[in-house]
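Biologist: Got a minute to go through this one with me? I'd like to start with what the words mean, then get into the contacts.

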Amino acid sequence: DIYKTLALVGDKTGPIIGIVPITEHLSEKKLAKASANKKVSMIAQKDLQKTTGYVHGANNPVGIRQKHNFPIFIDQSALEKGSLIVSAGELGRSIRVNASELAAFVAAVFADIKE
C-alpha cells in the first residue's frame, strides 16, 4: 500500500512526522496523544521545504531522519501489512520498504494515527 509522509508541528515537540495510508486521513488528535503533545497541526505548505527539505508530495522519511531528528510515527496498519510504499524524495518517485526495517532505520514508532 502507498503511504503519505506528513509534516506537522506539535505544541511540545516541534516538528513531527506522521505516515499514513494515502487513502486515509491522519488523526491529529491520535498523533498528538501518541507523541506526548497536547495538539499537533499540519505545517503550512509554504513552510514545508524549509522545515523538512522536501516539497509537498516528496517528503521522504529516511531523508528527513538524516537531516533532522524529528519524531516519526507510522500508522500501525503498515506493520500489519509488512511493507509500505513511501516517497523516495522526489515527486513521482516511490520506494517499497519493509515496515519494521524502515521503523528501525528512522527510529519510528508504530501507532494508531489514522482517523
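Modeller: Sure, accessibility first: buried means under 20% relative accessible area, exposed means over 50%, and partly exposed is in between, with a 1.4 Å probe and protein chains only. By that scale K30 is partly exposed, at 31% relative accessibility.

Biologist: And what should I know about the model itself?

Modeller: It's a predicted model, where local features need pLDDT of at least 70 and side-chain atom pairs count only at pLDDT 80 or more, while totals for chains, interfaces and linings use all residues. Residues are numbered from 1 along each chain as its sequence is written, and side-chain values use heavy atoms, with hydrogens and water left out.

Biologist: Back to K30 then. What does K30 form a salt bridge with?

Modeller: With D112, and the closest N and O atoms are 3.2 Å apart. A salt bridge here is a side-chain nitrogen of Lys or Arg within 4 Å of a carboxyl oxygen of Asp or Glu. K30 sits in helix α1 and D112 in the segment after β7, so this pair ties together parts that are 82 residues apart in sequence. D112 is partly exposed too, at 36% relative accessibility.

Biologist: How do you assign helices and strands?

Modeller: They're DSSP runs numbered from the N terminus: helices are H or I with at least four residues, strands are E with at least two.

Biologist: How many salt bridges turn up in the whole structure?

Modeller: The search finds 6. One of them joins K114 and D75, with the closest N and O atoms 3.4 Å apart. K114 is in the segment after β7 and D75 is in strand β4, so that pair links parts 39 residues apart in sequence. D75 is buried at 0% relative accessibility, and K114 is partly exposed at 21%. There's also a network in which salt bridges with shared partners join K46, D47 and K50.

Biologist: How far apart are D47 and K50 in helix α2?

Modeller: They're 3 residues apart in α2 (residues 45-52), about one helical turn. Their closest N and O atoms are 2.8 Å apart. K50 is exposed, with a relative accessible area of 67%, whereas D47 is partly exposed at 22%.

Biologist: Switching topic: which residues touch the most other members of the largest nonpolar core?

Modeller: I17, I19, I72, I74 and L84, out of 20 residues in that core. A nonpolar core means a set of buried Ala, Val, Leu, Ile, Met, Phe, Trp, Tyr and Cys residues joined through side-chain atoms within 4.5 Å. The elements that give two or more residues to this core are β1 (3-10), β2 (14-21), β4 (72-75), β5 (83-87) and α5 (99-106). Helix α5 gives the largest share, 4 residues. Apart from this core lies another one of 11 residues, including I16, L26, A32 and V40.

Biologist: What does I72 touch?

Modeller: Leaving out residues up to four places away in sequence, I72 touches I17, I19, P61, R65, V106, A107, A108 and V109. Contact means heavy atoms within 4.5 Å.

Biologist: R65 is a charged one. Is R65 buried or exposed?

Modeller: Buried, and R65 has no salt bridge: the nearest side chain of opposite charge, E101, is 16 Å away. For charges, Lys and Arg count as positive and Asp and Glu as negative, while His and the chain ends are not counted. R65 lies in helix α3 (residues 61-67), and its side chain reaches the backbone oxygen of V106 at 2.6 Å.

Biologist: OK, strands. In which sense do β1 and β2 pair?

Modeller: Antiparallel, over 8 bridges; two strands pair if DSSP finds at least two bridges between them. β1 and β2 form a hairpin with 3 residues between them, and T5 stands opposite I19 in β2. β2 also pairs with β4, in the parallel sense over 3 bridges. As for cover, 7 of the 8 residues in β2 are buried, and 6 of the 8 in β1 are.

Biologist: Where does V9 come in?

Modeller: V9 is in strand β1 and stands opposite S41 in β3. V9 is partly exposed, with a relative accessible area of 33%. The C-alpha atoms of V9 and V40 are separated by 5.4 Å, though the two are 31 residues apart along the chain.

Biologist: Any odd backbone angles?

Modeller: A36 has a positive phi, near 65 degrees, in a residue other than glycine. A36 is in the loop between α1 (28-34) and β3 (40-42). A107 has a positive phi as well, near 55 degrees, in the loop between α5 and β7 (109-111).

Conventions:
A polar contact is a pair of N or O atoms within 3.5 Å; within protein, one must be able to donate a hydrogen and the other to accept it, and residues adjacent in sequence count only if both atoms are side-chain atoms.
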